[in-house]
Amino acid sequence: MRPAEHDPLLHASLTEHDDAQGFRAPWDPSTLGWLALLVGPFGAGMLMWRNQPRLGLRGGAHLALVMTLVGGLVFAAGIFFVPDLPKAGAAKPAAATATAAPRTPAGEAATAPSAAPTGEIPADAIGLSAPATKPKDAAEERRDTRRLIRFVGNAVALPLAWWLLAAQRRRYRIAEQCQAPTGKLLLPGLLAFGFNFAVSFGLAAAFVALKRA
């Protein structure tokens, strides 16, 4: 028979995640996960970090650090991997390609373009010809590339936030069972949006200065 000090049945199985104390108007972690799409990764990371002590949990700085790292990588990709716009003086105007029609001697009629065979109607006359696609300019290509980068960043940030909030969701369920008062996210969400905007502006300016250096 094993000694009692090594018997797992005699060891406490409850941790700080299972007690019903220390709640201070916590926010719903499921809502925080969806807010990663609205307020951005920096604001969502700050809310996730601040929600940790509200749930009576220690730590939480790693939540903000991981979300900040994801947001920084998205901004770096948008600055360093998107091609720059060509300068105005670099593009040369296209030369005129139209040539004058050959002159015909006096008294001779200019040859008319060959008509369609008898019984056939030109495709252009009935609107069957495919419209010519206008090629995208450099500015449109830059916008499309940045949209794709932001989409990939959101696609990574959302499931990552849900995975990081697993412990908070467990604690929040205990808070609901204990009927602990919960907090509202309207004002904190607006503050997080402003915080995300400020951090995004600072990072974009820093990355642009680093690229031009």
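Helices are DSSP runs of H or I with at least four residues, numbered from the N terminus. The exercises below use that numbering on a predicted model.

**Exercise 1. Place arginine 173 in the fold: which helix holds it, and is it buried or exposed, or in between?**

Step 1. Arginine 173 is found in helix H5. That helix spans residues 166–177.

Step 2. Take its relative accessible area, 47%. Buried means under 20%, and exposed means over 50%. Arginine 173 is therefore partly exposed.

Step 3. Look for a partner distant in sequence. Proline 29 is 144 residues away along the chain, yet the two C-alpha atoms are 9.9 Å apart.

**Exercise 2. Describe the overall make-up of the protein: how many helices and strands are there, and what percentage of the residues is buried?**

Step 1. Count the elements. There are 6 helices and 0 strands.

Step 2. Write them in sequence order. The pattern reads α-α-α-α-α-α.

Step 3. Turn to burial. The protein has 213 residues, and 27% of them are buried.

**Exercise 3. Classify phenylalanine 42 and alanine 192 by accessibility, and give a C-alpha separation for each.**

Step 1. Locate phenylalanine 42. It lies in helix H2, which covers residues 40–54.

Step 2. Its relative accessibility is 3%, so phenylalanine 42 counts as buried.

Step 3. Pair phenylalanine 42 with leucine 65. They are 23 residues apart along the chain, with 8.9 Å between their C-alpha atoms.

Step 4. Locate alanine 192. It sits in helix H6, residues 186–212.

Step 5. Alanine 192 has a relative accessible area of 0%, so it is buried.

Step 6. Pair alanine 192 with leucine 35. The sequence gap is 157 residues, and the C-alpha distance is 9.6 Å.

**Exercise 4. Characterise the largest pocket: what is its volume, and which residues and helices line it?**

Step 1. Start with volume. The largest pocket holds about 420 Å³.

Step 2. Count the lining. It comprises 23 residues. Gly71, Val74, Phe75, Arg150 and Ser200 lie nearest the centre of the pocket.

Step 3. Sort the lining by type. It divides into 14 nonpolar, 7 polar and 2 charged residues.

Step 4. Assign the lining to helices. H1 (29–38), H2, H3 (61–80), H4 and H6 each supply at least two residues.

**Exercise 5. Find the nonpolar surface patch around valine 152: which residues form it, and what is their accessible area together?**

Step 1. Valine 152 lies in helix H4, residues 138–164.

Step 2. Valine 152 has 44% relative accessibility, so it counts as partly exposed. Membership of a patch requires over 30%.

Step 3. List the patch. Leu148, Phe151, Val152 and Val156 form it.

Step 4. Give the area. Together these residues have about 400 Å² of accessible surface.

**Exercise 6. Examine the backbone at alanine 25 and glutamine 179: what is phi at each, and where does each residue lie?**

Step 1. Alanine 25 is not a glycine, yet its phi is positive, about 50°.

Step 2. Alanine 25 belongs to the segment before H1. Its relative accessibility is 27%, so alanine 25 counts as partly exposed.

Step 3. Glutamine 179 also has a positive phi, near 55°, and is a residue other than glycine.

Step 4. Glutamine 179 lies in the loop between H5 and H6. Its relative accessibility is 72%, so glutamine 179 counts as exposed.

How values were computed: Residues numbered from 1 in each chain as written. Predicted model: local features only at pLDDT ≥ 70, side-chain atom pairs only at ≥ 80, totals over all residues. Heavy atoms only, no water. Patch = residues over 30% accessible without salt bridge, like charges linked within 9 Å, V, L, I, M, F, W, Y side chains within 5 Å. Areas by Shrake-Rupley, 256 points an atom, 1.4 Å probe, with all protein chains shown as cover. Salt bridge = Lys/Arg side-chain N within 4 Å of Asp/Glu carboxyl O. Buried < 20%, exposed > 50% of the residue type's maximum accessible area, 1.4 Å probe, protein only. 1 Å grid on protein atoms, 1.4 Å probe; cavity = no way out; pocket = protein on both sides within 12 Å on 5 of 7 lines; lining within 4 Å. Points joined across faces, edges and corners; volume = space filled by probe spheres on them. Nonpolar A, V, L, I, M, F, W, Y, C, P; charged D, E, K, R; others polar.
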